[in-house]
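Q: I'd like to learn how to read a strand and its surroundings in a model. Can we work through one together?

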Amino acid sequence: MVVKKTDLARMRARAEGGGRAQLRPIGVIRSVLKTRGEAPKQGSEGAPDAWLEVSAFAAQGLEGLAAGEDIIVVTWLHRARRDVLKVHPRSDRRRPLTGVFATRSPDRPNPPGLHRVTVRRVAQNRLRIGPIEAIDGTPVIDIKRVLSGLQDF
């Protein structure tokens, strides 16, 4: 069997995930928080509840979720800076510059946000969730159920 160079390149690309990551938002956060400055650093620091509006194409994926459950909402922090590799933790200039991968800073090369929240209400293609520090208009890229018995995600 003879394999062409183009076939080898195609197989290699498939094995490597196609060479590019692609995200498709499944919804958006609707919050009273309109700017980064209004948002607390973490949801547990006084963040409000918000609505997670799920796009029509993904709405069936909500089946099985119920009020009272904890979920992980994965967002894309669309207002984050992508050119930052070091920050003062918690924006405190008294703390030394630290690499973003050792912090929870939203500013980083790829800014996914992880938010553990409680489902307050399920209403068709919307979830009332909270507390969540994401600002209004933040794209949601996934929702994951929290596994019982685990401390974190």
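Q: Take strand S3: how many of its 7 residues are buried?
A: This is a predicted model, so read everything here as a property of the prediction. As for the general idea, side chains in a regular strand alternate between the two faces of the sheet. In this case, S3 covers residues 70-76 and is mostly covered, with 5 of its 7 residues buried. Across the whole protein of 153 residues, 34% count as buried.

Q: In which sense do S3 and S6 pair, and over how many bridges?
A: Strand pairing is read from bridges, and two strands need at least two of them to count as a pair. S3 and S6 (residues 112-123) are antiparallel, with 7 bridges. To find your place, look at Val73, which stands opposite His115 in S6.

Q: And how many bridges join S3 to S8?
A: There are 5, and these two strands also run antiparallel, S8 being residues 139-145. Here Ile72 is a handy marker, with Lys144 in S8 as its bridge partner.

Q: What about the rings: how many aromatic pairs does the count come to?
A: Generally, you'd describe a pair of aromatic rings by the distance of the centres and the angle of the planes. Here the count comes to 0 aromatic pairs.

Q: Which charged end sits over the ring of Phe57?
A: For an arginine, you check where CZ lies relative to the ring centre and the ring normal. Arg24 has its charged end over the Phe57 ring, 3.6 Å from the centre. Likewise, the charged end of Arg126 sits over the ring of Trp51, 3.8 Å from its centre.

Conventions
Residues are numbered from 1 along each chain as its sequence is written. This is a predicted model: local features need pLDDT of at least 70, side-chain atom pairs count only at pLDDT 80 or more; totals for chains, interfaces and linings use all residues. Side-chain values use heavy atoms; hydrogens and water are left out. Buried means under 20% relative accessible area, exposed over 50%, partly exposed in between (1.4 Å probe, protein chains only). Rings of Phe, Tyr and Trp (its six-membered ring) pair if their centres lie within 6.5 Å; planes under 30 degrees apart count as stacked, over 60 as edge-to-face and the rest as tilted. A charge sits over a ring if NZ of Lys or CZ of Arg is within 6 Å of the ring centre and within 35 degrees of the ring normal. Helices (H or I, at least four residues) and strands (E, at least two) are DSSP runs, numbered from the N terminus.
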